[in-house]
Amino acid sequence: MKLADLAALNEARAKRRTVAVVTPLDGSPGRLVAAADAASDPLAAELGPRFASGKSGRVTTDTGDVFIRIHRPAPRLTVIGAVHVTQALAPMATAAGFDVTIVDPRTAFATPERFGDFNLLAEWPDADLLALDDQTAVATLTHDPKIDDPAIIAALEAGCFYVGALGSRKTHAKRVDRLKEAGFDDEAIGRIHAPIGLPIGAAAPAEIAVAVLAEIIEALRKGMTPPPAVRAEKATAA
Amino acid sequence: MTGLAMAGEDPLDVAERWRAEGRKVALATVVDTWGSAPRPVGSHLVIDGEGAFEGSVSGGCVEGAVVAEAVDIAAGAPARLLEFGIADETAWEVGLSCGGTIRIYVEPLDGEADA
């Protein structure tokens, strides 16, 4: 690979752009192809489906075999709540390959002292701020409905591949009532993982972080088809 | 970043940094797998001229052999396609215990680093 291509590739990855590296396996120079330029590329027929699926692979062409390496942006994890569990979850999720963002409007919690150089937003989690999509997991950890509920609603509406909410069954029952009130049906509400995390008996904050991250990875790897985005249907007047 | 120390830095970022430091670098990429293979197609291992490496192309089964080839390629030998597997006679030395076969392309990182 040419150093200039590697630098461009790393820059594209840092900016969450989808790109392919096309490498002839005979030692001749390769090239970088942006997803936006795939249609006009000589290998368009191969690149199109591979950009869509994210699958890298070897391809036989008229001029010999080439390897197509697809680089898609990492899945994102947005954590609502700059709490103790998050201090363990953020580095673990980063190590597992997630782009982590932490959101908490409570400035006493959302401090650089507690979160170092993680992407930390000391603001209310409204839909515009969160900019969620189906490649994003959302975990709400504040225990405060004022902060958690708007993020859960935004996550359901954006079709996030994982939505998890901290809180006991009792807490969740009250949350379900509020979401029904807001117009979400049972199917949408059923997509919320609550109580959050795989049931491994986690007790300490770092253990809860393991349970949450494991559940997110399960959703990412086993539930690859993201659920359809749902919209709250405002209850029509009877 | 805080969390990356646990999992190791991204190998492609490491490769760029090593070149900027003036090191010779080779890039190894898994281009084919058959059967049970420990790392998926597209996995990267980067190697410098001294044999230091970051990333992985197997679960540790064949890294040693890849690094040995890559040191020569970083130093100027041509790119090479390596194959490892249970059917290969080198399997007895550095094969995949899981019984799969993998092909790994090892290429030099060409071009001058910017100042």
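**Note on the predicted two-chain model**

1. Leaving aside neighbours within four places in sequence, Ala139(A) makes contact with Leu77(A), Thr78(A), Val79(A), Ile80(A), Gly164(A), Ile196(A) and Val212(A). The model is predicted. Ala139(A) belongs to strand 8 of chain A, residues 136-140. Its relative accessible area is 0%, so Ala139(A) counts as buried. One of the contact partners, Val79(A), lies 60 residues away in sequence, yet the C-alpha atoms of Val79(A) and Ala139(A) are 5.0 Å apart.

2. Confidence in chain A should be read by region. The average pLDDT of chain A is 91, and 93% of the residues score at least 70. Strand 5 (residues 76-80) has the highest confidence in chain A, at a mean of 98, and helix 5 (residues 127-130) the lowest, at 90. In residues 224-228 of chain A the pLDDT is below 50, and this stretch has 7 contacts in the model beyond near neighbours in sequence. Residues 234-238 of chain A also have a pLDDT below 50, with 1 contact beyond near neighbours in sequence.

3. Chain B contains 4 helices and 5 strands. From the N terminus on, their order is α-α-β-β-β-α-β-α-β. Chain B has 115 residues, of which 42% count as buried. Among its contacts with a separation of 6 or more, 52% are between residues 24 or more positions apart. The exposed area of chain B is about 5,500 Å², with 51% supplied by carbon and sulfur atoms.

4. Over all chains, the structure holds 21 salt bridges. One network of salt bridges links Arg58(A) and Asp65(A) with Asp32(B), Glu83(B) and Arg103(B).

5. In chain A, Asp5(A) and Lys2(A) form a salt bridge through their side chains, at 3.7 Å from N to O. Asp5(A) has 16% relative accessibility and so counts as buried, whereas Lys2(A), at 35%, is partly exposed.

6. Two salt bridges in chain B can be set side by side. Arg17(B) meets Glu9(B) at 2.6 Å, N to O; Arg17(B) is partly exposed at 35% relative accessibility, and Glu9(B) is partly exposed at 34%. Arg23(B) meets Glu21(B) at 3.2 Å, N to O. Arg23(B) is partly exposed at 29%, and Glu21(B) is partly exposed at 46%.

7. On aromatic rings, the structure holds 0 aromatic pairs over all chains. A charge does sit over a ring in chain A: the charged end of Arg106(A) is 4.0 Å from the centre of the Phe109(A) ring.

Notes. Residues are numbered from 1 along each chain as its sequence is written. Chains are lettered from A and ligands numbered from 1 in the order in which they are written. This is a predicted model: local features need pLDDT of at least 70, side-chain atom pairs count only at pLDDT 80 or more; totals for chains, interfaces and linings use all residues. Side-chain values use heavy atoms; hydrogens and water are left out. Helices (H or I, at least four residues) and strands (E, at least two) are DSSP runs, numbered from the N terminus. Buried means under 20% relative accessible area, exposed over 50%, partly exposed in between (1.4 Å probe, protein chains only). Contact means heavy atoms within 4.5 Å. Accessible areas come from the Shrake-Rupley method with a 1.4 Å probe; for residues, only the protein chains shown count as cover. Rings of Phe, Tyr and Trp (its six-membered ring) pair if their centres lie within 6.5 Å; planes under 30 degrees apart count as stacked, over 60 as edge-to-face and the rest as tilted. A charge sits over a ring if NZ of Lys or CZ of Arg is within 6 Å of the ring centre and within 35 degrees of the ring normal. pLDDT is the predictor's confidence in each residue, from 0 to 100. A salt bridge is a side-chain nitrogen of Lys or Arg within 4 Å of a carboxyl oxygen of Asp or Glu.
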